[in-house]
Amino acid sequence: MNTIQTVLWNGVLPSPLVLGLEKVHFRHGRAKVEHVPAVSLPMRPFCNVKYSDKFISASYVCQSQASGQEEWQDSSYLFERIQASRTSSQLLRYLRADSDWILKDTRYIALAWDVVLSKRLTEQGSVDDAQELRGFLMEHTMPLVSKFTPSEVSMISRVMVATNSGTAADIIRISQDIQTRMVQFEPKELCMVLWALSSHPGMDKDESRGLFKSLSQLVKSGMGLDHFTARDLSILVWSLGHVGFSDAALLRAAERESEAKITSFTSEDVSRIMHGFSCLKYNPHKLLVLITTHFEKRLDEFSAQDLALFFVSLGKLVAEPSIVFCRAMAKRAKELVAENDGRNQDAFDVHLNALVLWSFARLGLKRTAFAAKSLQYVNKRVSDHKEEDLVAIMWACCRLDLKLPQGLLGRFASAQVSFAETQNISHRSTQGFRYISILFNRSKSAGTIGNDELDAVSRDLTKALEHMSRGIESVSVWETTSLIVALGTMDLDITPKTAQRLQARMVATMDSVATALLPKLAYSIAKLKLGSPSVIKSLSAVTIYKAGVLSPEALVQTSYAFASFKTPSPGIGQYRQNLYVAPRRHDHLQVNRTRAQRPLLGILRASISPDDSWCVTPLVSVDNESNDKYTVVNIEILDYPGLMRVIAWCLNALDVVADHATMHTDDENVAYNSFWVRTISGKKLSTSAAKTVVERLSDYLAYCSPKPEDEMQTEFILGPITISNSEHPQYTVLSVEESSRTPGQMLTIASILSGLNIRIMEGLIQGSDSFGGETMTNNSLMFSYKGTGRLFTFCICMPDGNKFDAESCKSMLYTLGIGLGLSSQKFPLSPPNRDIRTAQNLSMCSE
């Protein structure tokens, strides 16, 4: 026998010389065969399997000449038949006939998956044959998951998602197997599996993050991404964005490696990676600068889809590039807007055009030439747009204050009628109404639209509203309110049936109307003449309840609406008398007793006095239905110092734990706080417990401004701590008495005063034993302590040298109480500040 050393290309043997073949390795499209004994055999292609431009490792072991020949011929013949399949039924027939071979070697099933994708077999023939083929492949794939090579796993995962085969649980199982051998995968193979995890339509985001977490751990332990190509990096970040896995270490590593390989990026890679970053709200500033520099003169390489995706990414991040790059983008976008009614594949379709226009508005880029051409295209093809696309376009027109082409507003209104007739009312429907109302009023005031078109738009909107009102109960309170507000700005003639449906919805939901929308809602009700007795009664009750957090301007607008109603409404002043009933507030409320009997405008005029005493009340509600894991507590109140501490104190006292929270204070100083809470055992609150939370927060969050006499107080006492503004003519005197010697007490006090930026001008520390030495003659403080511990006395002042005012003394007293570990502060068993008293034993907060 002769020893032959040769190299095979595409796995095809160059001559009929093989039997007793010991091992053949395929790697990167080439297979190397060593020490092959020469025998005469019919020439057959051997393992000619190509998976996504990469060959899979293959090996055969033939024990003897006869058995080896038979085994190799049969296996080779099966490969040929799988590759030659042209329909789903034909491939399924071949696979079933040789099912024994399939169970022996994973390459057969891998080849079958590759043929399914490359020849699109699931898209040909009958649906039943395609479904049966997918089921057969899944049945034979999942038991062999751990035996597939990395390349096979990568390819199969991609085909499963592309052909809609298998379930999300199957992809999860594959990813779990990969976690045990991740280091064996090349970046390209790993990224393809990550893409499959993030792209499966039925995938739960939380369950799909296991493989991403494993990759993150490897990065944190020191593994770099230097072996990832530009395409790998873009697929990685795209996948991270789609599953919502925002890992700072992994994102920073991907960003750094992308910066180093920016010259290798294609337009598709740029769009893909920026889309992933935007989904995670991660702004790669330096990478974006490099992209704009590198692609400033290469925007013509971007296809319509790539450019639209890139624009949307910038819009989500509100990341405006340089002026030069913006001009280049606008020029390229204008080139991609389709001419006339053409459907050029190289140009934006209606959806991409809407996305790009939305992105320009999001970035505040008012590029007139592009916008004008884009709106002309929209004007000719309004009927081809989906509702969400038209809503995005109308929002962009409102945001950029764009001039509408002739007839476009009317077509918007006609499209609104069409959507209302064929679809149920949704948040997009109400959004469309809001934006049309803005465009309607702008066009009317600018005189860019004729009376005939205005009348036609009004008729179409009235007709659309009639259809929408039939399902008005299915939309949220906010959507209903915003719809009525939008209608009020247009002054439409509403039909009686529509008016009855809107009135019934308002009566049912008035208690949940947002405070910011209440004045506008009242104004719209008056203008649209929707003020039935039941609506006015509900509106009056809500206004009375929320008057404490309404701004003066809002009260004026609300009073206008009530003045226009023919049906009398209760005086808003009754709000003061009915709502503040807690005994601890009565001393402050006496100031407002007389004013509480005045009508609305009387209260408004009196309430804007800066020297007056005032009170605020919280609006507290709980939602125990919308979330399966948490009870949601919503608090709305006029902000005041210490609000968060009182909320925390109440929740702590009720053994309630806040796992998540959002806090926001608007321009009118109204605080909106939402807490997702559970019990200390991790369960949702019961109905009775939720009711108790509302009652306690409503009681303790009510707040009144300090009484005039409180501002004049000079003595403040909290247990062993005393702060005096009358003891020294120039400084505030702080005294802390120690009942027994406590090591580190002086350090604690000094640290607190230093942290509060307090200057110590003089001081004494007096112990229980006699001093027995000389006293300092230049100190105004005298040794006189006769207790059992120590007395710390300091003359202090603010950085500017002045004494502390009453509010500063309270804050200092509170901070010292916590720092010195007083029990009522460390373990709050009484309301906040209950134990802070004056020298006259008066409550500092009128609790």
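**Close-up 1. Buried and exposed sides of helix H15 in the predicted model**. In this predicted model, helix H15 buries Phe325, Cys326, Met329, Ala330, Arg332, Ala333 and Leu336. These buried residues cover an arc of only 170 degrees around the axis, which puts them on the same side of H15. On the face turned away from that buried side, the helix carries the exposed residues Ile323, Arg327 and Lys331. The cover over the buried residues of H15 includes helix H13 (285-295) and helix H14 (304-317), together with helix H16 (350-363) and helix H17 (368-380).

**Close-up 2. The span of helix H15**. Helix H15 comprises the 14 residues 323-336, which at 1.5 Å a residue should span 20 Å, and this agrees with the 20 Å that separates its end C-alpha atoms.

**Close-up 3. The largest nonpolar core and its surroundings**. This core has 168 residues, and those with the most contacts inside it are Met274, Phe310, Phe348 and Leu487. Helix H18 (residues 387-400) contributes the largest share of this core, with 9 residues. Apart from this core lies another, of 22 residues, which include Leu643, Val694, Tyr700 and Leu701. Leaving aside residues up to four places away in sequence, Met274 touches Pro284, Leu288, Ile291, Phe310, Ser313, Leu314 and Leu317.

**Close-up 4. The second largest pocket**. This pocket has a volume of about 590 Å³, and of the 19 residues that line it, Ser512, Val513, Lys546, Ser621 and Glu636 are the closest to its centre. At least two lining residues each are supplied by helix H25 (533-546), strand E7 (619-623), strand E8 (631-638) and strand E10 (670-679), and H25 gives the most, with 4 residues.

Technical notes
Residues numbered from 1 in each chain as written. Predicted model: local features only at pLDDT ≥ 70, side-chain atom pairs only at ≥ 80, totals over all residues. Heavy atoms only, no water. Expected span 1.5 Å × (residues − 1). Buried < 20%, exposed > 50% of the residue type's maximum accessible area, 1.4 Å probe, protein only. Arc of directions from axis to C-beta. Contact = heavy atoms within 4.5 Å. Core = buried A, V, L, I, M, F, W, Y, C linked by side-chain atoms within 4.5 Å. 1 Å grid on protein atoms, 1.4 Å probe; cavity = no way out; pocket = protein on both sides within 12 Å on 5 of 7 lines; lining within 4 Å. Points joined across faces, edges and corners; volume = space filled by probe spheres on them.
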